[in-house]
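Okay, thanks for coming, everyone. I'd like to walk you through one structure today, strand by strand, and then finish on the surface. Let me put it up on the screen.

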Amino acid sequence: MLIKSFAKVNINLKVRKRKKHLHKIYSIFTIVEDFYDEIKIEKSKENKNIIICNIKELESDNYIFKVLKILKEEGIVDCFYKISIKKNIPIGSGLGGGSSNAVAVAKYFTKDKKILSKIAKQIGTDCYFFINDYKTAIVKGYGNKIKKSKKETIIRFKDLILTGINCSTKEVYKKFDEIKAWKNKYEPNMLEIPALKIYSELIEYREIGQMSGSGSTFIKKTSLS
């Protein structure tokens, strides 16, 4: 069985000044239905979970290991698995690939929202969006408040500009705080300026696109108009 693990984009992203360790956001997320990673799951012949991936670093450093650990603790699985992933969504692209993979594997085994929420809490806030199966949604709070959007926004792979830059979400948010970017209230994506200050290679794309999430993918402005 082939599992499709879809990319998402942020149509906009408003970020508030950090309180304690987190930032509240307001964003519209939408699935890119023709852009996804491909995942296959089978029982492992070894006494451990194994991940096989075309990006080698993800065979050892992957959210899916944590997902399988939680599922075992919750009594959902009682054996080990071999997970094969064909990664098409670039790492650090602002498209939620890692969270999408984690939720796709979790939902293969369970639809229990309580368990899925526990996984999201431990892995990352993008997971809450993928749990809900909405094509387009309004995402608020710390990324954990999801409401289906009345208007469905369609973004295709052809609408994306993949820059090949691996952006660190942690570093972009750190720069956001450092330059007080919460004051840039009229920016469609308030993380864009902080990201450009760290990754100057992205500046050239700003005229033709709008950055998704913490980068590095841009959505062509012609598809947003």
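So, let's start with a pair of lysines: K140 sits across from K145, which belongs to β6. Before I go on, keep in mind that this is a predicted model.

That lysine pair is part of a longer contact. β5 and β6 run antiparallel to each other, with four bridges holding the pairing. The two strands make a hairpin, and four residues lie between them. If you like looking at backbone torsions, check G141 in that turn: its phi is positive, at about 65°.

What does β5 do with its other neighbour? Strand β2, which covers residues 25-43, is joined to β5 by four bridges, and again the direction is antiparallel. To find the register, look for F29, which is opposite A137 of β5.

Now, is β5 mostly enclosed or open? Strand β5, residues 136-140, has four of its five residues buried, so the rest of the structure largely encloses it. For burial I'm using under 20% relative accessible area.

Compare that with K147. You'll find K147 in strand β6, residues 145-148. Its relative accessibility comes out at 56%, so K147 counts as exposed; the cut-off there is over 50%.

K147 also shows up in a charge feature. Together with R16, K19, K24, K140, K145 and K150, K147 makes up a positive surface patch. And yes, the two lysines I opened with, K140 and K145, are both members of that patch.

Okay, moving along the chain to another sheet. This one is open, has three strands in the order β7-β9-β8, and is paired antiparallel. The edges are β7, at 160-161, and β8, at 209-211, each of them pairing on one side only. Between β7 and strand β9, residues 218-220, there are two bridges, in the antiparallel sense. For a concrete contact to click on, take I161, whose bridge partner in β9 is F218.

Last stop: a loop residue, E57. Where is E57? It's in the loop that links β3, residues 50-53, to α1, residues 63-73. The relative accessible area of E57 is 52%, so E57 counts as exposed. And if you want a distance to check in your viewer, go from the C-alpha of E57 to the C-alpha of I208: that's 32 Å, with the two residues 151 apart along the chain.

That's my tour, so over to you for comments.

Terms used: Residues numbered from 1 in each chain as written. Predicted model: local features only at pLDDT ≥ 70, side-chain atom pairs only at ≥ 80, totals over all residues. Heavy atoms only, no water. Patch = residues over 30% accessible without salt bridge, like charges linked within 9 Å, V, L, I, M, F, W, Y side chains within 5 Å. Areas by Shrake-Rupley, 256 points an atom, 1.4 Å probe, with all protein chains shown as cover. Salt bridge = Lys/Arg side-chain N within 4 Å of Asp/Glu carboxyl O. Lys, Arg positive; Asp, Glu negative; His and termini not counted. Charge placed at Lys NZ, Arg CZ, Asp CG, Glu CD. Buried < 20%, exposed > 50% of the residue type's maximum accessible area, 1.4 Å probe, protein only. Pairing = 2+ DSSP bridges.
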